[in-house]
Amino acid sequence: MKAPDAPVVVGVDGSSSSLAAVKWAAAECGRHHVPLLLVHAYTLPTRGYPEMVLTGTEIRRAIEDQGRAWLTEAAAAAPGVDVSTELVCDSGTRLLIERSREARLLVVGSQGLGNVTGLLVGSTAVALAAHGRSPVVVVRGTEVPDGPVVVGVDGSPTSEAALAFAFEEASVRGAGLTVVMCWHDFMVESAYTASRFTVDWKQVEDSEQRLLAERLAGWQDKYPDVRVHRVVLRDRPVRALMRYGAEAQLLVVGSHGRGGFAGMLLGSTSQALVYHSPCPLAIVRQPEASM
């Protein structure tokens with residue numbers, strides 16, 4: 001159980017993308033009245049600096065000075081928030097996973113400094129979502145300020161955790177909540193074909209609608225202020241969530257769903273959205289899985 005004042009943690013690397021992540025995180029801290037922790041990890045180069053030009057101490061000092069400058073710039077982008085910074089010689093992913101143990105939320109940008117768009121931070125976000133101990137937000141795309149929070153659900157335990165996160169976010173933002181549930185054509189058709197029945201799509205839709213209503217009942221009682229729009233679709237989850245996310249201020253998914261297998265740490269839908277979500281993306285793990 002995280003402390004009520006657990007911080008939002010942001011990985012800072014000097015890129016414009018990480019600065020956008022800091023600004024998003026600062027607004028999140030203001031909504032939840034929690035502090036902001038900005039962290040920068042660096043590693044020392046093992047080659048490329050001839051000994052006669054720079055000593056190891058000088059190299060380290062230069063790298064640390066650059067890291068402090070990036071953290072100072074990032075802190076200035078979060079006015080009105082209780083901000084602390086941390087500079088550590090370590091792997092960035094390893095440091096963020098460690099800090100996630102006490103974090104309310106981990107936040108990263110969508111691309112790093114000097115890297116192929118989305119590649120490095122995307123792989124970092126996948127690792128954080130798979131191994132971290134808190135929800136992970138990838139700040140990317142365009143946030144629609146007056147749009148709803150959109151959450152993808154499938155009836156799995158991790159989608160229940162995503163629902164909890166999404167309802168709280170919608171409540172503190174004063175936003176509507178769009179809950180999207182899709183069923184997979186292949187899975188349904190295979191099941192009916194094996195039983196030698198014809199697929200009655202209306203019956204399948206009605207069944208999914210009932211399942212969704214049951215899943216939402218308790219949450220709507222807990223958050224009566226949140227306006228809920230239920231969407232049940234015969235569609236691929238990624239395609240549907242991309243469509244609804246284009247008009248959202250935040251898209252929320254579980255780390256993996258009922259289509260996964262034992263030991264799976266991050267589902268295909270979550271991974272695809274890390275790289276292609278049209279708005280900020282939150283990936284939420286089942287609490288028991290993060291202990």
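How many bridges join strand β9 to strand β10, and in which sense, parallel or antiparallel, do these two strands run? In this predicted model, strand β9 (residues 250-254) and strand β10 (residues 281-284) are joined by four bridges and run parallel. Within this pair, G254 of the protein faces V284, which belongs to β10.

**The protein as a whole**

The protein has 291 residues, of which 45% count as buried, and its secondary structure comes to nine helices and 10 strands. If one takes the contacts between residues at least 6 apart in sequence, 78% of them join residues at least 24 apart. The accessible surface comes to about 14500 Å², and carbon and sulfur atoms account for 54% of that area.

**The sheet and its edges**

The strands form an open sheet of 10 strands with mixed pairing, and their order across the sheet is β3-β2-β1-β4-β5-β10-β9-β6-β7-β8. The edges are held by β3 (83-89) and β8 (228-234), and each of these has a single partner strand, so one side of each is left without a neighbour in the sheet. From one strand to the next, the twist averages 20°.

Another pair in this sheet is β1 and β2, which are parallel and share four bridges; here V8 has L36, in β2, as its bridge partner. Strand β2 is mostly covered, since six of its seven residues are buried.

Two helices that pack on the sheet are set out below, with the strands that they touch.

| Helix | Strands touched | Angle between directions |
|---|---|---|
| α1 (residues 16-32) | β1 (8-11), β2 (36-42), β4 (105-109), β5 (136-139) and β9 | about 150° with β4 |
| α2 (residues 56-76) | β2 and β3 | about 155° with β2 |

**A residue inside and a residue outside**

V252 is found in strand β9, and because its relative accessibility is 0%, V252 counts as buried. Leaving aside residues up to four places away in sequence, V252 touches V149, V150, V151, G152, A162, F165, A166, A282 and V284. One of these neighbours, V150, is 102 residues from V252 in sequence, yet their C-alpha atoms are 6.1 Å apart in space.

H33 offers a contrasting case, for it lies in the loop between α1 and β2 and counts as exposed because its relative accessibility is 71%. Most residues other than glycine have a negative phi, whereas phi of H33 is near 55°, which is a positive value.

**Two helices that cross**

Two packed helices are described by the angle between their axes and the distance between the axes. For helix α8 (residues 237-245) and α9, the axes come within 10 Å and cross at roughly 40°, and this crossing is right-handed. On the side of α8 the contact is made by P237, V238, L241 and M242, while α9 contributes T269, A272, L273 and H276.

Which residues of helix α9 (residues 268-276) are buried, and why do they lie on the same side of the helix? The buried residues named in α9 are S270, L273 and V274, and they lie on the same side of α9 because they cover an arc of only 110° around its axis. An α-helix has 3.6 residues a turn, so residues three or four places apart point the same way. L273 thus appears both among the buried residues of α9 and among the residues of α9 that make the contact with α8.

How values were computed
Residues are numbered from 1 along each chain as its sequence is written. This is a predicted model: local features need pLDDT of at least 70, side-chain atom pairs count only at pLDDT 80 or more; totals for chains, interfaces and linings use all residues. Side-chain values use heavy atoms; hydrogens and water are left out. Buried means under 20% relative accessible area, exposed over 50%, partly exposed in between (1.4 Å probe, protein chains only). The arc is that of the directions from the helix axis to the C-beta atoms. Contact means heavy atoms within 4.5 Å. Accessible areas come from the Shrake-Rupley method with a 1.4 Å probe; for residues, only the protein chains shown count as cover. Two strands pair if DSSP finds at least two bridges between them. Axes are lines fitted to C-alpha atoms, for helices over the stretch in contact, and angles run from 0 to 180 degrees between N-to-C directions. A crossing is left-handed if the near helix is turned anticlockwise from the far one by less than a right angle, and right-handed if clockwise.
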